[in-house]
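The exercises below are meant to be worked with the sequence and the coordinates side by side. Each task is followed by a solution that proceeds step by step.

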Amino acid sequence: MLCLGGVLATAELRDAREQLEHGAFVDGRATAGVTARPVKCNRQLAAEDPAYAALTSLVHAALSRHEAFDAYALPSRLCTPLFSRYDPGMAYGPHVD
């Protein structure tokens with residue numbers, strides 16, 4: 001496991017947090033597989049929210065310019081990220097990604 005730092009610039013992170021603060025979040029179980037659904041209790045940014053496309057582009061661009069990510073992961077393509085929120089009492093139990 002590799003923990004990457006500095007993936008987003010300070011201004012990008014501030015903008016992302018602002019967009020997420022005002023985003024429309026839905027039940028996260030909608031994206032869980034059959035075995036994960038019973039243990040998943042969170043909220044995720046709705047794919048229909050205008051911020052979703054902008055944040056996905058931001059994350060993909062940031063990862064593609066991060067040399068350590070490119071060298072370590074050797075990605076041929078990137079999956080669409082999920083933007084999750086955990087309110088008090090929420091958790092995501094044991095599961096496999």
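Helices (H or I, at least four residues) and strands (E, at least two) are DSSP runs, numbered from the N terminus. The model is a predicted one, and the exercises use these element names throughout.

**Exercise 1. Overall layout**

Task: Determine how many helices and strands the protein has, and establish the pattern in which they follow one another along the sequence.

Solution: Begin by counting the elements, which gives three helices and five strands. Next, read them along the sequence, where the pattern is α-β-β-β-α-α-β-β. Then turn to the extent of the fold: taken along the principal axes, the C-alpha atoms fill a box of roughly 35 × 30 × 25 Å. Finally, consider the contacts with a separation of 6 or more, of which 65% join residues 24 or more positions apart.

**Exercise 2. The sheet**

Task: Work out which strands form the open sheet and in what order, and explain why one side of β1 and of β4 is left without a neighbour in the sheet.

Solution: Three strands take part, in the order β1-β3-β4, and their pairing is antiparallel. Because β1 (25-27) and β4 (84-85) stand at the edges and have a single partner strand each, one side of each is left without a neighbour in the sheet. Looking at one pairing in detail, strand β3 (residues 43-45) joins β4 in the antiparallel sense over two bridges, and Gln44 has Ser84 in β4 as its bridge partner.

**Exercise 3. The core and the surface**

Task: Identify the residues of the largest nonpolar core and find which helix gives the most to this core.

Solution: The largest nonpolar core has eight residues, namely Ala16, Phe25, Leu45, Ala51, Tyr52, Leu55, Leu58 and Phe83. Helix α2 (residues 50-64) gives the most to this core, contributing four residues. For Ala16, once its neighbours within four places in sequence are left aside, the contacts are with Leu55 and Leu58. To set the core against the whole, note that buried residues make up 26% of the 97 residues in the protein, while the protein exposes about 6,800 Å², with carbon and sulfur atoms supplying 58% of it.

**Exercise 4. The loop between α3 and β4**

Task: Locate Leu74 and Leu82, and decide for each whether the residue counts as buried, partly exposed or exposed.

Solution: Leu74 lies in the loop between α3 (67-73) and β4. Its relative accessibility is 67%, so Leu74 counts as exposed, the threshold for that class being over 50%. The backbone of Leu74 also deserves a check, since phi is near 45°, a positive value in a residue other than glycine. Most residues other than glycine have a negative phi.

Leu82 is likewise found in the loop between α3 and β4, but with a relative accessible area of 46% Leu82 is partly exposed. Not counting residues up to four places away in sequence, Leu82 touches Thr31, Gln44 and Tyr52. Leu82 and Ala47 are 35 residues apart in sequence, and their C-alpha atoms are 8.9 Å apart in space.

**Exercise 5. Asp87**

Task: Find the loop that holds Asp87, and state how far apart Asp87 and Ala62 are in sequence and in space.

Solution: Asp87 has its place in the loop between β4 and β5 (91-92), and with a relative accessible area of 35% the residue is partly exposed. Asp87 and Ala62 are 25 residues apart in sequence and 27 Å apart in space, taken from C-alpha to C-alpha.

Technical notes:
Residues are numbered from 1 along each chain as its sequence is written. This is a predicted model: local features need pLDDT of at least 70, side-chain atom pairs count only at pLDDT 80 or more; totals for chains, interfaces and linings use all residues. Side-chain values use heavy atoms; hydrogens and water are left out. A nonpolar core is a set of buried Ala, Val, Leu, Ile, Met, Phe, Trp, Tyr and Cys residues joined through side-chain atoms within 4.5 Å. Buried means under 20% relative accessible area, exposed over 50%, partly exposed in between (1.4 Å probe, protein chains only). Contact means heavy atoms within 4.5 Å. Accessible areas come from the Shrake-Rupley method with a 1.4 Å probe; for residues, only the protein chains shown count as cover. Two strands pair if DSSP finds at least two bridges between them.
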